[in-house]
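Student: I have the model open and would like a close look at one part. Could you walk me through a strand and its surroundings, then the charged pairs and a helix nearby in the discussion?

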Amino acid sequence: MWSPRSRSWWRRGITRARWGEADGPHEAGTALRAVRWGAWAFPWTARLASLIGLLLILCRMLPEFRPDRSARSRGHVPPEWVDGEATFFLTINCQRRGVPQLTIDELPGKLFACVSHYRELRRWWPEIVILMPDHLHMLVTFSWEPGNGMNAVIRDWKRYTARTFGIEWQRDYFDHRVRSEADHADKWQYIRENPVRSRLVECYDQWAHVWFPDRVGWDRKNP
């Protein structure tokens with residue numbers, strides 16, 4: 001019924017349609033014609049597989065969509081209506097939990113220097129950063145200029161500290177947008193009391209590994 005040449009053309013077109021390998025409109029048209037030729041010659045299962053492959057081809061030909069806030073990662077993208085100066089409560093964990101890593105020797109001072117450096121670069125504006133033995137918390141506002149944003153800044157900071165100081169961070173992090181003054185006060189108290197809850201100290205101001213824009217350590221006059 002078909003010549004060897006037509007069979008070869010049909011098989012090539014139907015294969016590329018199934019596996020989504022067409023490179024452009026011309027090959028997509030070839031795949032479409034192949035599907036039409038096979039509509040009456042093969043069972044419905046083969047035709048269905050071919051149609052799915054053709055849809056994949058057409059989807060690949062659509063213009064690539066990028067969100068307006070391209071600096072914000074897919075997993076940490078606040079809605080467009082969120083204020084660019086919103087404050088976030090962040091938790092970043094070490095890969096190995098339960099093992100003191102961030103509070104040993106001179107590492108806290110080096111990490112706080114990195115926090116201050118990123119602030120000077122105007123990539124973020126932390127209010128408070130507290131180091132726990134295997135994780136850290138902070139209240140922070142981000143720059144959303146191109147190349148910045150929550151995910152980009154944290155990624156770069158973790159990458160630098162991991163390469164420079166040998167810290168093994170977990171891949172992701174936790175973020176919570178502060179929605180009210182009451183929410184802000186609650187997160188501030190959570191950070192302040194974290195060493196006490198962990199039974200590392202009896203009173204929060206005994207914990208030395210806390211950073212503020214103007215100092216390191218607690219000020220008992222301004223808790």
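Tutor: Here is a walk from strand 1 to the salt bridges and then to helix 4.

A bit of bookkeeping comes first. This is a predicted model, so to speak of local features a pLDDT of at least 70 is needed, side-chain atom pairs count only at pLDDT 80 or more, and totals for chains, interfaces and linings use all residues. Residues are numbered from 1 along each chain as its sequence is written, and side-chain values use heavy atoms, with hydrogens and water left out.

Let's start with strand 1, which covers residues 87-93. Helices (H or I, at least four residues) and strands (E, at least two) are DSSP runs, numbered from the N terminus. In strand 1, 7 of the 7 residues are buried, so the rest of the structure largely encloses it. Buried here means under 20% relative accessible area, exposed means over 50%, and partly exposed is in between, with a 1.4 Å probe and protein chains only. In a regular strand, side chains alternate between the two faces of the sheet. Strand 1 has both faces covered: Thr87, Phe89, Thr91 and Asn93 are buried on one side, and Phe88, Leu90 and Ile92 on the other.

Now for the neighbours in the sheet. Two strands pair if DSSP finds at least two bridges between them. Strand 1 pairs with strand 3 in the antiparallel sense, over 7 bridges, and threonine 91 stands opposite histidine 137 there. Strand 4 (residues 174-177) also runs antiparallel to strand 1, joined to it by 4 bridges. In that pairing, leucine 90 has aspartate 175 as its bridge partner.

Next, follow the chain out of strand 1 into the loop that leads to helix 4, where you'll find arginine 97. The side chain of arginine 97 meets that of aspartate 134 in a salt bridge, at 3.1 Å from N to O. Aspartate 134 sits in the loop between strand 2 (124-131) and strand 3 (135-142), so the pair ties together parts that are 37 residues apart in sequence. A salt bridge is a side-chain nitrogen of Lys or Arg within 4 Å of a carboxyl oxygen of Asp or Glu. Arginine 97 is partly exposed, at 43% relative accessible area, whereas aspartate 134 is buried at 10%.

The structure holds 7 salt bridges. Another of them joins lysine 187 to aspartate 183, with the closest N and O atoms 2.9 Å apart. Those two residues are 4 apart in helix 6 (residues 181-197), about one helical turn. Lysine 187 is buried at 14%, and aspartate 183 is buried at 15%.

Back along the chain, helix 4 (107-120) comes after the arginine 97 loop. Helix 4 has 14 residues and reaches 20 Å from its first C-alpha to its last, close to the 20 Å expected at 1.5 Å a residue; that expected span is 1.5 Å times one less than the number of residues. Its buried residues are Leu107, Pro108, Leu111, Phe112, Cys114, Val115 and Tyr118. Seen down the axis, they fall within an arc of 150°, so they line one face of the helix; the arc is that of the directions from the helix axis to the C-beta atoms. Among what covers them are strand 2, helix 5 (150-165), strand 5 (210-212) and strand 6 (215-216), where contact means heavy atoms within 4.5 Å. Just after helix 4, arginine 122 takes a positive phi of about 65°.
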